[in-house]
Every structure is written in C-alpha cells, then in structure tokens.
Amino acid sequence: MPLGARGWIGDGVRGALVSADGTIDWYCPSGVAGPPACWALLDPAGGAGRVGPVRDGSRAARQLPSSSQAYRPGTNVLETVLGNGAGGRVSILDLLPWPGPGLSAPGQVVRIVTALAGPVDVEVEVIPAGPFRPAREVAPFDAGLVVDDLVVRAGLPLYFEPLGRDAPRWRGTRRLVSGETMVVTLDRRGDEHPLSVEAARRLADDTEVAWRSWLAPISYDGPYRETVQRCLLAVRALTGPVGAPAAAGTTSLPRHTGSERTADDRWVRLRDVATAARTWGAAGFAEDAEAAEAWLRQAVSNTPLPWPGGLDSDGQPVPELEVLGLVGWRRSQPVVVGRPEGILDLDLYGDVIGAYGAAATWPGGAGGGGGAWGAGRAWDAGGAGGAGGAGGSTPLSAAWAALANAVDWVADHWGDPDAGVWESAGPRAVLVASRVQAWYALDRMARIGRAANPLDLQAATWHQEARRVLTWLETDGLAVGAFAVGGGLRRDGAPDGDDEPDAALLRVAWRGPWPPAHPIVGATVDRVLEQLGSGHLLYRYSQRVDDGHAGPDSPDLLASLWAVRALAALGRWEEGHERMEAVVTLGGRLGLLAEAADPISGELMGNLPSTAVHLAAVDAALALAAGPR
C-alpha cells in the first residue's frame, strides 16, 4: 500500500499512521520519538493492529478497498469507511484525544467502529511485537489482548485466538448490526482507560470541538486555504506542549524505494522551530508562535556551539545513530534510530536569527504593522528592537547573548565547508547557500544591534563581516564576471572549481543580499529550475553530487515549494501556481505531505508527515496570495 494511503492522527505528543484498510502500522505510545508498539511499516514482523470487515485470508479479500478515508473538517480526527463486498459497511473513527485534563489516559488511541450497513462481521486483528523486537508476552483476556506494554481493548466481550501455526497474528471477531457501535482502544499497560460507547463519542466530539477551536484564529483567507488549514493541523499534531514540532512522525522511510537515503526524523530541528515561530504568527496563531520562540530561546541558550541540527523535545542531544536489523519499507535499508554525530550545518543560523523578534511583526503584535511575512527584507523592516530596542520584548529577546555568541561564531566560520541544509552525508563542501544564510545572520543581527545602539561595536563588526561575505558571493559565489551565475556547491571555492546547482539557493529570492529584481536573483532561480527540475518538482541537488549514499534520489517537496515562493517573489505568478498545484495534488484526499515524491509515479516518499514541507506549503500559499490569480 502506498505511503500516501495513510492518515496521521496525533495529539502533539504521540502519533499513529492509519492505513486505508483500517490498519495502524506505526504507533509510538510513549511519544513520537519513543519506542514503537506498531512498526509493521518497516518490517512484516513489526506490530500492527487492524479494525475492519472480516477478511477470509485470500489475497483478494485481504485487499478490500476502502470506500473513503478523510479527516473530519478542521480536525485531526480521521474517518475510514470500509465495505465487506457483500453490502456491509463500517465507519472507523480514529483519534488521539485532544490533550487536556481528564480527557484520556496518556498514549491512548481511540477507534470508534460503527456499522453503517449490516449486519457486518468486524475483526480486531493484532500482530504482536515489542519495540523493534518480538513480543515477550501475549495474553488474551475477556475483552482484549495484552502485548507486552500495550493493551488492545474492545470494550465488550471479544475472544482473541491465534491464527497460524506459529501464532504470528491474533484475531477477535464481532458481528455488528446496522447502527451498532463498538470501541477499540490502544493503551499503554498500567494506563488502561476503558471507554463505553457513550464516553468514546463524547471524547470524539470534545476532540473535534477542540481542534476546530484551535484552528479558529487562522487569519489566512487566500488561495489554497484548505491546504493551509490541513498543513497547520498536521504541524500542530506533531507539536507537543513545549511548542517544538518533531521534524516528522516516522523513521527510515526512504526517499527512493530501495535506496540508502533513510533517516530518523522524529526529533526537533532548530530550523523547523524557527520557521514555525514565523509561520504560526503570520497565519494568526500568536500563542503557538510564542511557544515556539520560547522553546527556541531555551535551546539556543543551553546548546553549545556549533549548534546541532536536531535536539529532542526537551532540548537535549539526540541519541547517537543506531542501525537496526529490520527489513525496511519495501526492503529499503538501513532502518535507523537516532542521528549521526558531527553534522555541521552553517545554513541554520540564518533561520534561527530570522525568528528573532518575529512576534513584534505579527498582526496585532508588539510592533504592529501586520508585516509578519514577506519577501526580501520584510523581516528587517519590523521587529528590529532586539535587546531593549524599539521592537519590544519577545520570548527570543531573552536569548540575545546566546544569539550574539552564535553570530560571532558564524563570523569566524562562515568560510568553512559544511553539510548544509540537506545535511549531506558526503564530504563537506563549500556551499554557497550556507554562505548566503551566513550573510543574512550577520546582516540581520548587525541591523538589530545598531537599531538598539547606533554605536554598538559588536554590531559594527558583524556589519563588516557581512560585507566580506557579500564580496565573496559577488566574486566567487554566485556572480562571476558579468552576472554569470554559478552553482550552489564549490568544493574548492574557486570560480573554475566544481560547480553544481543547489535548490537551497532559491531562498536568495527572499533572503539574500539583493532585491528580487536583481539579475543575480532571477538568473539563480532560473538555473536551479532548469537543471534540477523534474516536471513541476525539483531535486535538491544534481545526482552527480556525492552525498554519501548510493542509488537514486527523488524530487524534494521542500525544494519544490521553495521554487513556488521564489517565483512569487519574482512576480511569476502563473508558474508559481502551476508548481503549487502539482505539490498539493500529491497530498491526495488527506492532504498530508512527505519529504519527497517518486519522479515517475508521484507516490509520496520519505518520512511523513514532514513539518518542514507543511510549513513551506503555508509560506508558499502566503506568497502567492500577494499576487493575481
């Protein structure tokens, strides 16, 4: 079953994938980054739980199509309707209850199964497993099944029996007449929270109301509004009470079937939190934006330089990368948990500095003006107060000392080779995109510092270093000769050196030293689109680049959405809309997006849902809203 034929249900702490046949094949009950109880997504022996019409075991019966799968409007509550091929139909309402006092036990998945047309025989099928290992205990009881630390409860008498000689699966069945409902829950052992049908319905109603209430402040009313809503809901479902979204909900889903390009993305990326702080605010969610800024403040204040790309939700280092001996999605390996050490990303400092003082430019924020999002230097026009400056105090303002130290570090290291925004596992390279971001970090901090104190010597030093970076960009980086645009990757830094395009350079259209009308900007965007394009999608970089992995890559959705935003900055509205619609279409009926898409079939690839991609889709829609349609 394609990756895209799954919906994500989450409460910001935990999450699960529900496939179109009613199977949960990915679920981490202790938290998104915790050990999974269901992981059949990565190995046939992994845990899974299905609810739906009984299948007789034949191949045709085991592939019963879903009649439909969709989110309840304005929520992360997912409804799947399945038929049994004989006129019977059931609705399965899946949710992780909205977090709040007394609503549910931690880690509980609630599945409300209602016969729409019956009678219909419903099965509750469980493939037992422990966290990335076989189950050590499987014990049926009168209404469910205990599997190690997971309790599957049917809410009414349901006898589970093993299927097969080696008992790899357990199944209980129940006949429902038309209109009859049963409730199936997945709980962590010790947190069992039995639910009656009435209690489960109230919980579902409360959760739907809570999600719609959360979404109500949205201030965006432009094109792709439904896409924007779904993207914001997806990111919020990955964002815990601390305000920092996980980069994605899964690990080790490959960027191309059979490729080595796998990663554990269940951690928090500083770049994503910085982007969320701006995007939440621009869309009208000031409370969520402030929570993201507050988390970012703590993270940058407590994390030694150079900053790692990822931390856990508590702002602590991510466990070291571990390779697991699992089959992998469609035999794509390696399956990994944790992150590799030693990744140097000079690119992320521009993103983090860009979040500084963002609250001062949100609509209704301290700085007023409503200029929370824009192209070019719109961020510099507002929120320049900084440490006691005119823009007022924001959560990130308290991190001024840490940010100043970070920019001092950037001033000393902007010329170093690094892994860049794509965190390449290949040899470190001189990446022009990282130097554009270094320029932005230096220039922006210089502006903020001088706005607070025109005689600030530290700010003057940052300004001088920003000028040095700009000189390099205009001689060796992008502009060589009469605006002949270079690529994005120069391993030796010389004009005649190895030169490859890099989709990360698209950001010069809104975060670079030159206005969008400058020849360098248009030429850079055109070169990236021409050399990295795959229809309306884009690869991250040329397939000739050694990124430390064998095999092909797939077009990247973050890069593809950056192209939309770059085209909007250049006023090329129709091209932008064509590319936006191509990406939106990939999300299908559910509207969820992953990291990448297969270049032939368009099937979603990589970990999902992807926070960076959903935030980029919101930013792209905001950019297109500024022009004609």
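**Notebook: a helix pair and the internal cavities**

I looked up the contact between two helices and found that W400, L403, A404, V407, V410 and A411 in α8 meet A438, A441, L442, M445, I448 and G449 in α9. Sorting the residues of this contact by type, I count eleven nonpolar, one polar and no charged. I note that the model is a predicted one.

I next took the geometry of the pair. Helix α8 covers residues 400-413 and helix α9 covers residues 432-452. I record an angle of about 135° between them, with the axes 10 Å apart. Because angles over 145 degrees would count as roughly antiparallel and 65 to 115 as roughly perpendicular, I enter α8 as oblique to α9. The crossing in which α8 passes α9 is left-handed.

I then turned to empty space inside the model. My search of the whole structure gave five cavities of 30 Å³ or more. For the largest cavity I noted a volume of about 200 Å³.

Which residues lie nearest the centre of the largest cavity? I find T275, R278, D351, W562 and D619 there, among the 17 residues of the lining. Three elements give two or more residues to this lining: α4 (270-283), α12 (557-569) and α14 (611-624). Helix α14 supplies the largest share, five residues.

Finally, I classified the lining of the largest cavity and obtained eight nonpolar, one polar and eight charged residues. Beside this entry I set the contact of α8 with α9 once more, where no charged residue was counted.

Conventions: Residues numbered from 1 in each chain as written. Predicted model: local features only at pLDDT ≥ 70, side-chain atom pairs only at ≥ 80, totals over all residues. Heavy atoms only, no water. Axes fitted to C-alpha atoms, helices over the stretch in contact; angles between N-to-C directions. Helix = DSSP H or I, 4+ residues; strand = E, 2+ residues; numbered from the N terminus. Parallel < 35°, antiparallel > 145°, perpendicular 65-115°, else oblique. Left-handed = near helix turned anticlockwise from the far one by under 90°. Contact = heavy atoms within 4.5 Å. Nonpolar A, V, L, I, M, F, W, Y, C, P; charged D, E, K, R; others polar. 1 Å grid on protein atoms, 1.4 Å probe; cavity = no way out; pocket = protein on both sides within 12 Å on 5 of 7 lines; lining within 4 Å. Points joined across faces, edges and corners; volume = space filled by probe spheres on them.
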